[in-house]
Amino acid sequence: MKIVKVETFLVPPRWLFCRVETDEGLIGWGEPVVEGRAEAVRSAVGIMAEYLIGQDPLRVEDHWQVLANGGFYRGGPVLSSALAGLDQALWDIAGKTYGAPVHALLGGPVRDRVRMYAWVGGDDPGELAESIAARVDAGFTAVKMNAAGRMPALATAADIGAVVDRVALARDVLGPARDVAVDFHGRTSAADARRILPLIAGLQPMFAEEPVLPDRPHLLRDVVTASSVPIATGERLYSRWDFRQVLEAGVAVVQPDLSHACGISETRRIAALAEVWDAKLAPHCPLGPIALAASLQVAFATPNFLIQEHSIGIHYNEGADLLDYVLDPEVFRFVDGYASRSEAPGLGVEVDEAAVRRADRTGHAWRNPVWRHDDGGLAEW
C-alpha cells in the first residue's frame with residue numbers, strides 16, 4: 001500500500017483538515033492547524049507531503065521520525081502542527097487497515113469512558129452563572145472558565161478581587177461535587193499568579209491553567225509552590241523536551257494539543273514522561289472533530305489521563321461547529337459528562353467529505369484578537 005495523495009482544507013470557523021489517500025482506497029484524516037496561522041501550516045503540510053507520496057502509510061513511527069527530525073530546522077508551532085495532522089491521518093489509516101480503533105493499536109483501552117469538561121467563558125459574571133447552569137443541566141461534571149479578561153502589567157486589588165469573585169460564583173453554582181478549572185491564558189504576570197492562587201485555593205479548583213506564559217518555564221517553580229492549587233500547562237508546548245522543563249518545575253497536569261504537539265505519537269510519549277512526575281494528562285482541544293477524535297483515542301489508552309476538553313458550542317465556533325463535518329454526530333454524544341469508548345476502526349469518526357470540500361471553497365482567514373492596555377501597549381490575549 002502506498003500514499004498517493006495528500007490534500008488540505010481550510011474549514012470554517014478556524015480549522016485546517018488534511019486527507020491522506022492510499023492506492024488501495026483507504027483514507028486517513030487529520031487536523032493540522034495553528035489557530036490564526038492555518039495558511040502557514042497548510043504550506044508546511046504540502047512540503048511534508050512531498051516525502052510521504054509513494055510511501056507505505058503503515059510505517060507511522062518511521063515517517064514521524066523523518067518529518068520531525070529529518071530537517072535541519074525543526075520544531076515550533078507550524079512544523080509541529082503540520083506533523084501532528086499527518087500523524088493523526090496515518091494512525092487513522094493504520095486502524096482502518098487492521099480493522100481496529102487506534103486505542104487498540106496503542107495497547108488497548110484502560111478505561112470504558114472518558115470524562116469531559118465544557119467551556120463556560122468567565123468574563124461576565126452574569127453570563128457565567130447561566131452558562132455553568134446550562135452545562136450542569138447537560139450532564140457535565142466539570143467546566144473550565146477564564147480567570148479574567150485583559151489584565152494589566154500588575155493587577156490592582158479590584159482586578160484580583162474580580163478573579164476571586166468569579167471563581168467563587170462558579171463554585172457556588174457547581175457545588176462541592178463538581179469541578180471548575182481556571183484558565184489564566186498567560187494573561188497574568190508570575191507575581192500576580194502568586195498573589196491570586198492562594199486566594200482561590202480554598203475554592204478547590206481542579207487546576208489553574210497557564211498561570212505564566214509558555215516561554216517562561218523558569219518562573220513556574222515559584223508559582224507551583226505559591227499555593228496548593230494544581231498547576232496545568234502545555235497547549236503551547238510541542239515536544240517531550242518542552243514538557244520536561246515544566247514537569248521538573250512541578251506542574252500537576254500536562255495539556256498537549258494533539259493538533260500542535262506532533263500528533264498521537266508524541267502525545268503518547270509526553271503522557272508517559274508525565275507519569276515519572278506523577279502528573280496527569282488533560283489534552284487541550286478547542287478544535288474540530290478530527291482533533292477531538294484523536295484526543296479520545298489517546299485518552300482511552302493512557303493510564304494517567306485526567307479529563308478531556310471539547311469545543312462543541314464554544315464561542316469560537318460562530319457559523320460552523322464541530323458536528324457540521326461528521327456523518328454521525330452520535331460519536332460525540334456525551335452521557336452524564338462522559339464520552340463512551342468506540343470500537344470503530346481508525347480514529348472512530350466518519351468525516352463528511354462533501355461538507356469539508358464545500359467549506360473549503362469558502363475557507364477562512366481567522367486571526368486572534370489583538371488586545372491593548374489603557375496606555376496603548378500590547379496586552380496578552
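This is a tour of one predicted model, from the whole chain down to single side chains.

Residues are numbered from 1 along each chain as its sequence is written, and side-chain values use heavy atoms, with hydrogens and water left out. Because the model is predicted, local features need pLDDT of at least 70 and side-chain atom pairs count only at pLDDT 80 or more, while totals for chains, interfaces and linings use all residues.

**Whole chain**

Start with the cartoon of the chain, which shows 12 helices and 14 strands. Helices (H or I, at least four residues) and strands (E, at least two) are DSSP runs, numbered from the N terminus. The radius of gyration is 20 Å, close to the 21 Å that the globule rule gives for 381 residues, so the chain is as compact as a globular protein of that length. That radius is taken over C-alpha atoms, and the rule is 2.2 Å times the number of residues to the power 0.38. Along the principal axes, the C-alpha atoms fill a box of roughly 65 × 45 × 45 Å.

Switch to a surface: the chain exposes about 15,100 Å², of which carbon and sulfur atoms supply 51%. Accessible areas come from the Shrake-Rupley method with a 1.4 Å probe; for residues, only the protein chains shown count as cover. Buried residues make up 56% of the 381 in the chain. Buried means under 20% relative accessible area, exposed over 50%, and partly exposed in between (1.4 Å probe, protein chains only). Of the contacts (heavy atoms within 4.5 Å) between residues at least 6 apart in sequence, 71% join residues at least 24 apart.

**Nonpolar cores**

Select Phe17, Ile264, Tyr325 and Phe332, the residues with the most contacts inside the largest nonpolar core, which has 112 residues. Helix α11 (residues 289–301) gives the most to this core, with 10 residues. A nonpolar core is a set of buried Ala, Val, Leu, Ile, Met, Phe, Trp, Tyr and Cys residues joined through side-chain atoms within 4.5 Å.

Now centre on Phe332. Leaving aside residues up to four places away in sequence, Phe332 touches Pro289, Leu292, Ala293, Leu296, Ile312, Leu322, Leu323, Val326 and Val349. Apart from the largest core lies another, of 9 residues, among them Tyr117, Ala181, Phe207 and Val253.

**Salt bridges**

A search of the whole structure finds 25 salt bridges, each a side-chain nitrogen of Lys or Arg within 4 Å of a carboxyl oxygen of Asp or Glu. Select Glu353 and Arg19, whose closest N and O atoms are 3.2 Å apart. This pair links distant parts of the chain, with Glu353 in helix α12 (residues 353–362) and Arg19 in strand β2 (residues 15–22), 334 residues apart. Arg19 is buried at 8% relative accessible area, and Glu353 is partly exposed at 25%.

Glu353 also forms a salt bridge with Arg357, at 3.0 Å between the closest N and O atoms; the two are 4 residues apart in helix α12, about one helical turn. Add Glu7 and Glu21 to the selection: Glu7, Arg19, Glu21, Glu353 and Arg357 are linked in a network of salt bridges.

Move to helix α10 (residues 263–276), where Glu266 and Arg269 lie 3 residues apart. Their salt bridge has its closest N and O atoms 2.9 Å apart. Glu266 is buried at 0% relative accessibility, whereas Arg269 is partly exposed at 23%.

**Cysteines**

The structure holds 0 disulfides, a disulfide being a pair of cysteine sulfur atoms within 2.5 Å. Select Cys262: its sulfur is 14 Å from the closest cysteine sulfur, in Cys18, too far for a bond. For Cys285 the closest cysteine sulfur is also in Cys18, at 15 Å. Cys262 is buried at 8% relative accessible area, and Cys285 is buried at 1%.
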